[in-house]
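Please open the model in your viewer and keep the selection panel at hand. The stops below go from one selection to the next, with a short account of what is there.

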Amino acid sequence: MAVPLQAPAFCVLLGPDLAGKSSAMAALRQDPGPGAHRLVSADDAFLAPEHALIGRLRREVVRDVAAREEQWSPEFFAAMLQTAVLYLRDRLLDDGGASAPAVVDSYYYKLLAKCRLAGVPENPMFAWWRSFPRPRRVIYLDVSPETAWRRSREGARLNRLEHYGEAPGLDGFLRYQADLDKVMREEIRDLPVTVIEEHPDPERTVAAIRKVLAHELG
């Protein structure tokens, strides 16, 4: 078994697609001074220019791999997603900020769940991901699939890794999100988890996240 890597204290922000994680991370980015935490995300808004490759790879995986399943093996799909997993791990362990508590967007849990839903068989790659540093706590943003569907503009904003079927539809979206929620919760079942229920006001959600972070990371 791999020896766990040493990492600073960190929490993971997780949730189904369109749960509001990106908006929450953007709000946390505005926190000033000592209350701010280091934010680690593979979203374009958080990528340094020298790491823009991660964003390009993510878009290419969705466009050229996930959308053409017959052309690529499930293992190849997982190998491509691994670039984002390793990026998050490397940024978390980065010497330049290793002493600062961090908030990591989804870490590997969501990508691991999407690999499983894509039919990738259990393999040593997953065992390696699971050997990565463990967070102090997972903050799980809960959202109903119906709310997420409305946020997607009834499918207009969805990508191929957010629904079942060739084209986005309500049934395929609801089934995929239910399965995604189930598999992600399986992956974090041995970790401390705080569930933040759906709020109509995004500020209440961010306030709840800040409260958990203050308790766990100071």
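Begin by selecting arginine 29 together with phenylalanine 46, where the charged end of the arginine sits over the phenylalanine ring, 4.5 Å from the ring centre. Please bear in mind throughout that this is a predicted model.

A second arrangement of this kind appears when you select arginine 89 and phenylalanine 132, for here the charged end of arginine 89 sits over the ring of phenylalanine 132, at 5.2 Å from its centre. Keep phenylalanine 132 selected and add Phe10, Tyr107, Tyr108, Tyr109 and Trp128, since ring pairs link these residues and Phe132 into a cluster.

The next stop concerns aromatic pairs, of which the structure holds 10. Select tryptophan 72 and phenylalanine 76, which form a stacked pair with ring centres 4.6 Å apart and an angle of 15° between the planes. Tryptophan 72 counts as partly exposed because its relative accessibility is 36%, and phenylalanine 76, with a relative accessible area of 32%, is likewise partly exposed.

Move now to phenylalanine 126 and tryptophan 129, whose rings form a tilted pair, 5.5 Å from centre to centre and with 55° between the planes. Both residues belong to helix α5, which covers residues 124-130, and they stand 3 residues apart, about one turn of the helix. Are these two residues buried or exposed? Phenylalanine 126 has a relative accessible area of 0% and is therefore buried, and tryptophan 129, also at 0%, is buried as well; the cut-off for this label is a relative accessible area under 20%.

For the last stop, turn to the largest pocket, which has a volume of about 1100 Å³. Select Lys21, Ser22, Asp43, Lys110 and Glu162, which are the residues nearest the pocket centre among the 45 that line it. Then colour the helices α1 (21-29), α2 (52-65), α3 (74-92), α4 (109-117) and α8 (202-217), as these are the elements that each give two or more residues to the lining. Which element supplies the largest share of the lining? That share comes from α2, with 6 residues.

Finally, colour the lining by residue class, and you should find 22 nonpolar, 8 polar and 15 charged residues around the largest pocket.

How values were computed: Residues are numbered from 1 along each chain as its sequence is written. This is a predicted model: local features need pLDDT of at least 70, side-chain atom pairs count only at pLDDT 80 or more; totals for chains, interfaces and linings use all residues. Side-chain values use heavy atoms; hydrogens and water are left out. On a 1 Å grid over the protein atoms alone, a cavity is a set of points where a 1.4 Å probe fits but cannot get out, and a pocket is an open set with protein on both sides within 12 Å along at least five of seven lines; lining residues have an atom within 4 Å of a point. Grid points are joined across faces, edges and corners, and a volume is the space filled by probe spheres set on the points. Helices (H or I, at least four residues) and strands (E, at least two) are DSSP runs, numbered from the N terminus. Ala, Val, Leu, Ile, Met, Phe, Trp, Tyr, Cys and Pro count as nonpolar, Asp, Glu, Lys and Arg as charged, and the others, Gly among them, as polar. Rings of Phe, Tyr and Trp (its six-membered ring) pair if their centres lie within 6.5 Å; planes under 30 degrees apart count as stacked, over 60 as edge-to-face and the rest as tilted. Buried means under 20% relative accessible area, exposed over 50%, partly exposed in between (1.4 Å probe, protein chains only). A charge sits over a ring if NZ of Lys or CZ of Arg is within 6 Å of the ring centre and within 35 degrees of the ring normal.
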